[in-house]
Amino acid sequence: MEIEDAVNNNYVTSGTQLTGHLTCTGHEHFDIHLIDEVFHINVDEVFTCLFTDSPFFQEFVHLRNTYDVSLGEWSHEPDENGVKTRLISYTLSINYSLGPKCSPSSETQHLLPESQPGTCFLVDADCYNGGVPYADDFFTTVRYCIRKVGENKTRLHVSGRINYKKHIWGLVKTFIDKTASTGLATNFGVIANLFRRESERRKRENRCSVNSQKLNVHKSFSSSRKSYSKPKGSVKERVSQRSQWRNNFNSVAPYGDNSCMTRRKATVQPAQADTTYSSTTDVLAMSIFVVVIFLVVVNLLLFYQIALLEATVAKVVVKHSAR
């Protein structure tokens, strides 16, 4: 129902990792590739997981240490371009050894008119992070391409890009590119792990359901054999009946293994990009700090040399005046 509300009036495994480029008509994908996998989950459910206050989204928020989450509603009517929007806000915990430890952030999400329930969804999210260095100079855009590729199978392709509001000095731009890309990779690494876990759980449930049906057919057949005590009817009828039983039994495939009978609770693999993210940030921050210190020292030396020169000139002028 939530999906219909979001897209009406101009609608809007582990997972199988894919190689090569995803070909979609009517839109492009950005340069920073974050997720490109097929999950054994219905396409509408993937949209629900990502863009509603679902248990999936709540677990993601918990794993990312995000708080003060506020989820707006999708606009009831699309704009003149057929796009529906909503605004969400949250405070994101960040793992910097230097600088702020949290970032008040907001996202403007755009549900594009290519979206069709049960088939595909296309969402662009513009993310603005506050409280971080150069926060007023850039923002990121993430594109979610959610496409049905089979019965209860969905291909999720997520890509991103960094948008600059004004010209940025080369060293600073490199710093922003690196930290923003690493942050996106960390964030969507957690989302990918959650979808892989859910996909595996559903695959196990489907295998157990199929094996249970086969087991019931086998028990029913065994029971009918035990109840058969004395043949009745003519020889021809008995031969026909036995042939029918044999055909029914042969049509049942052998049982699968019992591994699905003992389920283990899947756990989300912790995102391993946090350590790399922190180390990279430390190195870049320290490099900038060293450069700044070097420039300060050079400036002090220049001021000192100028002061000495001025003192020498003053002495020469005094001596000349005295004569």
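Methionine 286 is placed in helix H6, which spans residues 273-322. The model described here is a predicted one. Because its relative accessibility is 44%, methionine 286 counts as partly exposed, the range between the cut-offs of 20% and 50%. Together with Phe289, Val290, Ile293, Val297 and Leu301, Met286 makes a nonpolar surface patch of about 560 Å². In an α-helix there are 3.6 residues a turn, so residues three or four places apart point the same way.

The chain as a whole contains six helices and eight strands. Their order along the sequence is α-β-β-α-α-β-β-β-β-β-β-α-α-α. Of the 323 residues in the chain, 34% are buried. The accessible surface of the chain amounts to about 20,100 Å², and carbon and sulfur atoms account for 56% of that surface.

Helix H3 covers residues 55-63, and its buried residues are Phe56, Phe57, Phe60 and Val61. When H3 is viewed down its axis, these buried residues fall within an arc of 135 degrees, and they therefore line one face of the helix. Pro55 and His62, on the other side of H3, are exposed.

The segment after H3 contains two residues with unusual backbone angles to consider against the general trend. Most residues other than glycine have a negative phi. Asparagine 65, just after H3, has instead a positive phi of about 55 degrees. Asparagine 65 belongs to the loop between H3 and strand E3, the latter formed by residues 66-71. Aspartate 68 is likewise not a glycine and has a positive phi of about 55 degrees. Aspartate 68, however, is located in strand E3 itself. With a relative accessibility of 55%, aspartate 68 counts as exposed, because the cut-off for that class is over 50%.

Aromatic contacts were searched for over the whole structure, and nine aromatic pairs were found. One of these joins phenylalanine 47 and phenylalanine 51 in a tilted arrangement, with 5.2 Å from centre to centre and 40 degrees between the planes. Both residues of this pair lie in helix H2 (residues 43-51), where a separation of four residues corresponds to about one turn of the helix. Phenylalanine 47 has a relative accessibility of 1% and therefore counts as buried. Phenylalanine 51 is also buried, its relative accessible area being 2%.

A further pair is formed by tyrosine 128 and phenylalanine 139, whose ring centres are 4.8 Å apart and whose planes meet at 25 degrees, so this pair is stacked. Tyrosine 128 is part of strand E6 (residues 120-129) and phenylalanine 139 is part of strand E7 (residues 138-150), so the contact ties together parts that are eleven residues apart in sequence. The two partners fall into separate accessibility classes: tyrosine 128 is partly exposed, with a relative accessible area of 31%, whereas phenylalanine 139 counts as buried at 17% relative accessibility.

Ring pairs also link Phe47 and Phe51 with Trp74, Phe121, Tyr144 and Phe188 into a cluster. The tilted pair of helix H2 is thus part of a cluster of linked rings. 

The structure holds zero disulfides. Cysteine 127 counts as buried because its relative accessibility is 10%, and cysteine 208 is buried with a relative accessible area of 10%.

Asparagine 163 lies in strand E8, made up of residues 153-164. At 15% relative accessibility, asparagine 163 counts as buried, since the cut-off for buried residues is under 20%. Asparagine 163 and aspartate 137 are 26 residues apart in sequence, and their C-alpha atoms are 8.7 Å apart in space.

Terms used. Residues are numbered from 1 along each chain as its sequence is written. This is a predicted model: local features need pLDDT of at least 70, side-chain atom pairs count only at pLDDT 80 or more; totals for chains, interfaces and linings use all residues. Side-chain values use heavy atoms; hydrogens and water are left out. Patches are made of residues with over 30% relative accessible area and no salt bridge: like charges are joined within 9 Å, nonpolar side chains (Val, Leu, Ile, Met, Phe, Trp, Tyr) within 5 Å. Accessible areas come from the Shrake-Rupley method with a 1.4 Å probe; for residues, only the protein chains shown count as cover. A salt bridge is a side-chain nitrogen of Lys or Arg within 4 Å of a carboxyl oxygen of Asp or Glu. Buried means under 20% relative accessible area, exposed over 50%, partly exposed in between (1.4 Å probe, protein chains only). The arc is that of the directions from the helix axis to the C-beta atoms. A disulfide is a pair of cysteine sulfur atoms within 2.5 Å. Rings of Phe, Tyr and Trp (its six-membered ring) pair if their centres lie within 6.5 Å; planes under 30 degrees apart count as stacked, over 60 as edge-to-face and the rest as tilted.
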